[in-house]
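Me: Can you walk me through the empty spaces in this one?

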Amino acid sequence: MISFASPAREHEASRELLETAVLRVLRSGGYVLGAEVETFESHLAQFTGAAFAVGLSSGTDALVCALLALGIGHGDEVLVPAFGFVAAPEAVLRTGARPVFVDVEPRTLGPDPDELRACLGPRTRAVIVMHLFGQAVDLAPLQTVTRALPILEDAAQAIGTRLHGRHVGTLGKVGTLSFFPAKALGAAGDAGALLTDDAELAQRVRRARVHGSPRAYVWDEPGGNYRIDALQAALLDAKLGVFPARIERRRQIGLRLARAAASRGACVIDGIPACHATFAPFALRVKERDTVLQRLRAAGVDARVQYPWTLPASRAFAPFAGSHPFPVADRASRELLSLPCHAELTDDEVDAIERALLDGLADG
Ligand SMILES: Cc1ncc(COP(=O)(O)O)c(C=O)c1O
């Protein structure tokens, strides 16, 4: 099976670089936060163009920290897209606030501006936007609706993606990234980060990640253990050095698959024209999705359904679904299909995925 992600191959390709970083940390005796983390944070800020980058324990925890730093808690509501990964509504619940689901627009799967307007209420304190599949959601039409409300960008699937030349996660008030091993920039375990241009917010997140402590044994506000390990930071920093070439290869593979899909009339989730997409992973819409999925898997391609149901349709979040319909999100859950698209694919594997896609879509 041609795999969805290949962290072991990535390690093999940069073995010396990565093993040197790991040994350096092991021998240093400093394993949590510290100089390795500060170096990585400063390089990540440079790469994304954010004024501040804060290393955290995971992409999910980064969302929690962002909400805590925005002062969100009991009695508040946060608007969350009805389609996407579960971490966003989970993070809202962990702060004690309530997720309110908003239907998405079909092109980028970002919140639909009219739906957003209809969902705003007196308790709304923030809006979460997810940049899915390495694409970018345009915040401009949303900002005309949200005005002063902060927009939190969940950019866990979109490191390297730019819109009008700006890195996603730096377009709103605050952005979050995930370095889960299968992500475009993956750690050897769990890790995440938060991006912001707001110095005070960055400072609050730095406190939140160490139990709300400005210094040892002073607990000024509720926080938690949301720290990133020095080992993960050192590995990520080493990988960040070779990341631009890897993300470009991923992008070229994605563009090639997009051309193949378009030649069969399939609708690729290819965002908006100003988006420099990174296809993490490559996603398309197909009416006969389950037939095409079976064909791809039979041809040895690890194709997947992301996601088979909307967030309000999941059992965990059904109590927050309300009576509002989510027709565009529902359709996405019936039609979307994801294919392997990463820098570790060999040329032969890319050829095989393209062939399988063309065959799979032949009359699908
Ligand atoms: C859109 C999105 N948000 C958040 C996360 C959570 O990241 P993590 O697994 O690092 O907690 C993921 C991970 O898959 C994701 O895809």
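**Holes and helices**

Me: How many nonpolar, polar and charged residues are in the lining of the second largest cavity?
Reply: Quick background: this is a predicted model, where local features need pLDDT of at least 70 and side-chain atom pairs 80 or more, while totals for chains, interfaces and linings use all residues. Residues are numbered from 1 along each chain as its sequence is written, and side-chain values use heavy atoms, without hydrogens or water. A cavity is a set of points on a 1 Å grid over the protein atoms alone where a 1.4 Å probe fits but can't get out, and lining residues have an atom within 4 Å of a point. Ala, Val, Leu, Ile, Met, Phe, Trp, Tyr, Cys and Pro count as nonpolar, Asp, Glu, Lys and Arg as charged, and the others as polar, and this lining has four nonpolar, no polar and two charged residues.

Me: Which residues are those?
Reply: This cavity has a volume of about 30 Å³, counted as the space filled by probe spheres on grid points joined across faces, edges and corners. Its lining is Ala184, Phe243, Arg246, Ile247, Arg250 and Ala343.

Me: Which helices each supply at least two residues of the lining of the largest cavity?
Reply: Arg246 and Arg250 are among the residues lining the largest cavity, which holds about 70 Å³. Helices are DSSP runs (H or I, at least four residues), numbered from the N terminus. The ones supplying at least two residues each are helix 1 (7-13) and helix 9 (230-263).

Me: Are helix 9 and helix 12 roughly parallel or roughly antiparallel?
Reply: Helix 9 and helix 12 (residues 347-360) pack at about 25°, axes 9 Å apart; axes are lines fitted to C-alpha atoms over the stretch in contact, and angles run from 0 to 180 degrees between N-to-C directions. Under 35 degrees counts as roughly parallel, over 145 as roughly antiparallel. So these two are roughly parallel.

Note on methods:
On a 1 Å grid over the protein atoms alone, a cavity is a set of points where a 1.4 Å probe fits but cannot get out, and a pocket is an open set with protein on both sides within 12 Å along at least five of seven lines; lining residues have an atom within 4 Å of a point. Angles under 35 degrees count as roughly parallel, over 145 as roughly antiparallel, 65 to 115 as roughly perpendicular and the rest as oblique.
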